[in-house]
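Trainee: I would like to go through this model step by step. Please show me the sequence and the structure before we begin.

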Amino acid sequence: MPDPKSPLIGLIMSGGGARAAYQVGVLRAIAKMLPHDAPNPFQVISGTSAGGINAASLASGSMNFRRAVCKLEFVWKNLSVDQVYRTDVSTILKYFFHWVGSLFAGGMGKLNPRSFLDNAPLSSLLGRLIDFAGIQQAIDSGHLRALSITASGYNSGQSVSFFQASDDIKGWNRVQRLGARAKIDLKHLLASAAIPFVFPAVQINREWFGDGSVRQVAPISPALHLGAEKVLVIGVSPAREAPTERLYAPNYPTLAQVAGHLMNSVFIDGMEVDLERINRVNRTLSFVPEEVKARRDVQLREVEMLVISPSRPLEQIASRHTAHFPWTMRFVLRGLGALRRQGSVLTSYLLFHKRYARDLIELGYSDAMRRREDILRFLGYDPAALATNED
């Protein structure tokens, strides 16, 4: 069993739209490899966008970690696109003519378009998935120390991490990012998952908020501010290496390629940069004498990290499942070039379908099980003392 005096472990789940199903596979593997009665191993849970939805669901059920993971897995494995956004003909045509009309009217209409898609069904899904009262119950019972959901303020330009936590945890204010205590509810999740242009922004108090991955320059920071001393990061993209040469591209990029590039910039780049920065700080601190690091005026500290990321590009998996989009969405995406191989990055973020989700869950499960010993040691267990649990 983990040492009760062991460091607080934080879990970080980044944004990624439908790609967040991969995170559920990793969580499923962790639940399988831990003892059946093991408590929630993550005292601090931090999430953004779709990763924030996973985080809130896990936090609300953290008094029974295994059951919370099973519930989350069940929802993703039975997901359909129309549970996340409307795809009926009347809604698609309404939004299309609204955009076209606004463009031709020069924005003179009373109500300008707010988004390309209507994600009203997502509210009902989250209401069934998450027991928001369970978050505070988990904190009060000691099964959870803090939950953080990050959203991006469209008015202030700040990255705001709304957190619900033990009373002794204070907020923070850094350049263009801050932590604000709040009682996490539906509006925080909808705001954090409001992909720019795709889903509408959400008003919280006096400001309008969108997807938390936008302008999130330090995705790992909220968990550290909330007391995590070591962090497990579940990514939604394979680790990238610097290219040795640039590929020749004879054709002009499609709109889907450009949109996919922007999606990657929003959901992936910030996390990779933050991981690189922390690794660099850790290397620097390894040369600093312990007596110097112990001084109160030295605020930097080493952070132990474990990163689990996909072993395969998720867009390759998405390209096999594009037929599962409703025909209205296939019509729109075909026009953008998203159904071609080069445009599959965009579809990998928008394909909220159980077949695609199940493939990602299985990939996350197998990737995590291959790292079984690393994960168990990171969580404070002795791998040799635990037999691998079978399905």
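Trainee: Which helices each supply at least two residues of the lining of the second largest pocket?

Mentor: Keep in mind that this is a predicted model. The pocket has a volume of about 1,100 Å³, and 31 residues line it. The helices that each supply at least two of the lining residues are α4 (89–104), α9 (255–285), α12 (327–336) and α13 (344–350).

Trainee: How many residues of that lining are nonpolar, polar or charged?

Mentor: Start at the centre of the second largest pocket: F116, F197, V198, V332 and L336 lie nearest to it. Phe, Val and Leu count as nonpolar. Over the lining, the classes come to 3 polar, no charged and 28 nonpolar residues.

Trainee: Now the strands. Which residues of β9 point one way, and which the other way?

Mentor: In a regular strand, side chains alternate between the two faces of the sheet. Strand β9 covers residues 230–234, and 5 of its 5 residues are buried, where buried means under 20% relative accessible area. V231 and V233 point one way, and the other way point K230, L232 and I234.

Trainee: What is the bridge partner of K230 in β10?

Mentor: β9 pairs with strand β1 (residues 9–13) in the parallel sense over 5 bridges, and there K230 is the bridge partner of I9. β9 also pairs with strand β10 (residues 304–308), in the parallel sense and over 5 bridges. In β10, the partner of K230 is E304.

Notes
Residues numbered from 1 in each chain as written. Predicted model: local features only at pLDDT ≥ 70, side-chain atom pairs only at ≥ 80, totals over all residues. Heavy atoms only, no water. 1 Å grid on protein atoms, 1.4 Å probe; cavity = no way out; pocket = protein on both sides within 12 Å on 5 of 7 lines; lining within 4 Å. Points joined across faces, edges and corners; volume = space filled by probe spheres on them. Helix = DSSP H or I, 4+ residues; strand = E, 2+ residues; numbered from the N terminus. Buried < 20%, exposed > 50% of the residue type's maximum accessible area, 1.4 Å probe, protein only. Pairing = 2+ DSSP bridges.
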